[in-house]
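Student: I'd like to take a close look at one part of this protein and then see what else stands out around the chain. Could you walk me through it?

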Amino acid sequence: MIRLVRPLELTSSDLIYPIFVRQDGKSFEISSMKGQNYLSLEGSVKVCQETAELGIPAVMVYGVLQSKDSDGSVALEKGNFHAKIFKKLRKEFNDDLVLISNVCLCDYTAEEYCVYTSEKGKVLNERTAEMLGKIAVVHAEAGADVIAPAAMCDGQVRHIRSALDEAGFEDVSVMSYVKTDSVLFQPYFEAMTVSDTPRRSVDSSKFRSDIINEKMFMQKVDLDVGEGADMVIVKPALTNLDLILRVKQRYPAIPIAAYQVSGEYAMMKMLCKQSHMDEKTLFIETLSSIKRAGADMILTYYALEAAKLLTERKQRIA
Ligand SMILES: [Zn+2]
């Protein structure tokens, strides 16, 4: 009866699995996100195979470079690592897996800032957005289906959309992140940083939305949708369930993704390790709450485990 009256069902088709592919080819556990591993390029093919077989439709690709440079131009070099990843995965999986590309300057610049800044620390929106557009074209050429700009600077969606269209990639979608400022991103920063010093960041309040200010968040969403975003990612999920619903209500025709971020994942991992709480029950409960809030897609580090569990349950019922 419970199943019969359910208006929604969480399935593996709702999930997107984020993967970290290392240029140095080393594969080991990510210390800030226990249970998740860095992958070599070859290793990523294996994991993507498993992802596709579990019925998960998409992966979010993070490339971890060996070295970065002052202006991030390493992103545009011929034979650059990110292009290699997309070429490889596109060739292996053809249409069986949607490849989403995270596009942000911090993946390429030595200072690991998400945006370019002036000497006085002012965010240079136009310059940043123009560069993001160039990176997007490189990834689309290599085989990315979706570009996910993460810098949250004004104009990024507009620049990326027009750069893609001009290069003939009208069918490549733009899925923009809209984030509230959050300490829950920290394990991800630790996973992505290549420098020995902890990652600094430009005063994040300049571009991430104030957690308590729903109007500011919706303004960012309006801006991105107005600039041509095809999809929106609300991030983090746990602290923004109400915002997922608001975005859904304001833009019923636009697919909404929610990102259960690294800190949410690490929190649950640690809690279950330290207590007798059942991890599977916990991640299904949280993912279900995100879906109920209105997310059409959920990015989660639990994607593989959740898909396995959901498939087993379905088989048991059948
Ligand atoms: Zn960034």
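Student: Let's start with Met-152: does Met-152 count as buried or exposed, and why?

Tutor: Happy to, keeping in mind that this is a predicted model. Met-152 counts as buried because its relative accessibility is 5%, and the cut-off for buried is under 20%. As for its place in the chain, Met-152 sits in the loop that runs between β5 (146–149) and α4 (156–166). Its backbone deserves a look too: phi of Met-152 is positive, about 55°, although the residue is not a glycine. Most residues other than glycine have a negative phi, and most peptide bonds are trans.

With that background, two further backbone spots are worth a visit. Asn-94, in the loop between α2 (81–93) and β4 (98–103), also has a positive phi, near 45°, and is likewise a residue other than glycine. The other spot concerns a peptide bond: Lys-235 and Pro-236 are joined in cis, with omega at about -10°. Pro-236 belongs to the loop between β7 (231–235) and α7 (241–250).

Back to burial. Val-172, in the loop between α4 and β6 (173–179), counts as buried because its relative accessibility is 5%. The C-alpha atoms of Val-172 and Ala-140 are 7.0 Å apart, while 32 residues separate the two along the chain.

For a contrast, turn to Val-5, in the segment before β1 (15–22). Val-5 counts as exposed because its relative accessibility is 59%, and exposed means over 50%. Together with Met-1 and Leu-4, Val-5 forms a nonpolar surface patch whose accessible area adds up to about 410 Å².

Finally, the pocket. The largest one has a volume of about 610 Å³. It is lined by 19 residues, and those closest to its centre are Arg-6, Glu-9, Leu-10, Leu-310 and Arg-313. Two elements each give two or more residues to this lining, α9 (279–293) and α10 (303–317), and α10 gives the most, with 7 residues. In chemical terms, the lining of the largest pocket comprises 8 charged, 6 nonpolar and 5 polar residues.

How values were computed
Residues numbered from 1 in each chain as written. Predicted model: local features only at pLDDT ≥ 70, side-chain atom pairs only at ≥ 80, totals over all residues. Heavy atoms only, no water. 1 Å grid on protein atoms, 1.4 Å probe; cavity = no way out; pocket = protein on both sides within 12 Å on 5 of 7 lines; lining within 4 Å. Points joined across faces, edges and corners; volume = space filled by probe spheres on them. Helix = DSSP H or I, 4+ residues; strand = E, 2+ residues; numbered from the N terminus. Nonpolar A, V, L, I, M, F, W, Y, C, P; charged D, E, K, R; others polar. Patch = residues over 30% accessible without salt bridge, like charges linked within 9 Å, V, L, I, M, F, W, Y side chains within 5 Å. Areas by Shrake-Rupley, 256 points an atom, 1.4 Å probe, with all protein chains shown as cover. Salt bridge = Lys/Arg side-chain N within 4 Å of Asp/Glu carboxyl O. Buried < 20%, exposed > 50% of the residue type's maximum accessible area, 1.4 Å probe, protein only.
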